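Thanks for passing this one along. Here are my notes on the sheets, in the order I would read them.

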Amino acid sequence: MLWVRKLHKWASVIVGIQLLLWLISGLYFNLMDHNKAQGRTHLNDTHADVVIETHRLLEPSTILATFKPSVSLNLITLLGKPYYLLTHEKGLYNNLNHDYTLVDAYDGNPVVIDTTMAQQLAKASYSGEAEISSTRLLTPPLDDFPKQHNDTWQINFADNITTSVYIEAQSGRLVGHSDEHTRLADVFFMLHFMDYTNQGSFNNIPIMMFAFITLWLIFSGLIWVIDMLKRNRYRLKLKGK
């Protein structure tokens, strides 16, 4: 019975610490600036009207016949210019594994998003005045966006909150902005969802282990109570007036 008590006490310590972390992180979520936590401090979400010269657009059938088989073809605009985005393999969500080909909609030439174009896309989404300090092509997993499964350009700006802009390498899609505010929020999300392995999900091994520890706490507590009853440790005292 001694080992049951010891395990019960240690389980209660672990559960108590996590409950305290939930309380602290929940309080932070209520007090935080949600726009800053979402990386919107220097996010330029205004889109200028793009005039597409439709008579210059190549026929989609021509593009589909030129490149490898695709499951979809979309006309998108990047930096005020139209492109065909061919999707050869498509994941369920934007952040999952994809295989794209970006094609100039006017001349039909494939386009590779290089350092220069990635920086231009980043500047178009950035409303601050700071200059770019560095640019890197990253392969998953990404620290700031752990759910992102595709190669991504990281463009860092030399502002006071160390803003990083992430551009998907094949499609040119803006993955998002990250800065000191979002990284602080990510710490509290990590604590709240027990995402200690940085998977970007609450369906992880630590939270499964915590569920088993909590279940053990219940059973060991019940065993302890039954043992105390058998040893007549619980006594009802009645006091008369």
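1. Strands 1, 2, 3 and 4 build an open sheet in the order 1-2-3-4, with antiparallel pairing. Here strands are DSSP runs of E with at least two residues, and helices are runs of H or I with at least four, both numbered from the N terminus; two strands pair if DSSP finds at least two bridges between them. Strand 1 (72-78) and strand 4 (110-111) are at the edges with a single partner strand each, so one side of each has no neighbour in the sheet.

2. A word on the source: this is a predicted model, in which local features need pLDDT of at least 70, side-chain atom pairs count only at pLDDT 80 or more, and totals for chains, interfaces and linings use all residues. Residues are numbered from 1 along each chain as its sequence is written, and side-chain values use heavy atoms, leaving out hydrogens and water.

3. Inside that sheet, strand 2 (residues 81-89) pairs with strand 3 (residues 99-104) in the antiparallel sense over 6 bridges. T87 has Y100 of strand 3 as its bridge partner.

4. Another open sheet of 4 strands has the order 5-6-7-8, again with antiparallel pairing. Its edges are strand 5 (132-138) and strand 8 (174-178), each with a single partner strand, so one side of each is left without a neighbour.

5. Strand 5 and strand 6 (residues 152-157) pair in the antiparallel sense over 6 bridges. For T135, the bridge partner in strand 6 is I155.

6. Helix 4 (residues 115-124) lies across strand 5, strand 6 and strand 7 (164-168), where contact means heavy atoms within 4.5 Å. Helix 4 runs at about 60 degrees to strand 6; axes are lines fitted to C-alpha atoms, for helices over the stretch in contact, with angles from 0 to 180 degrees between N-to-C directions.
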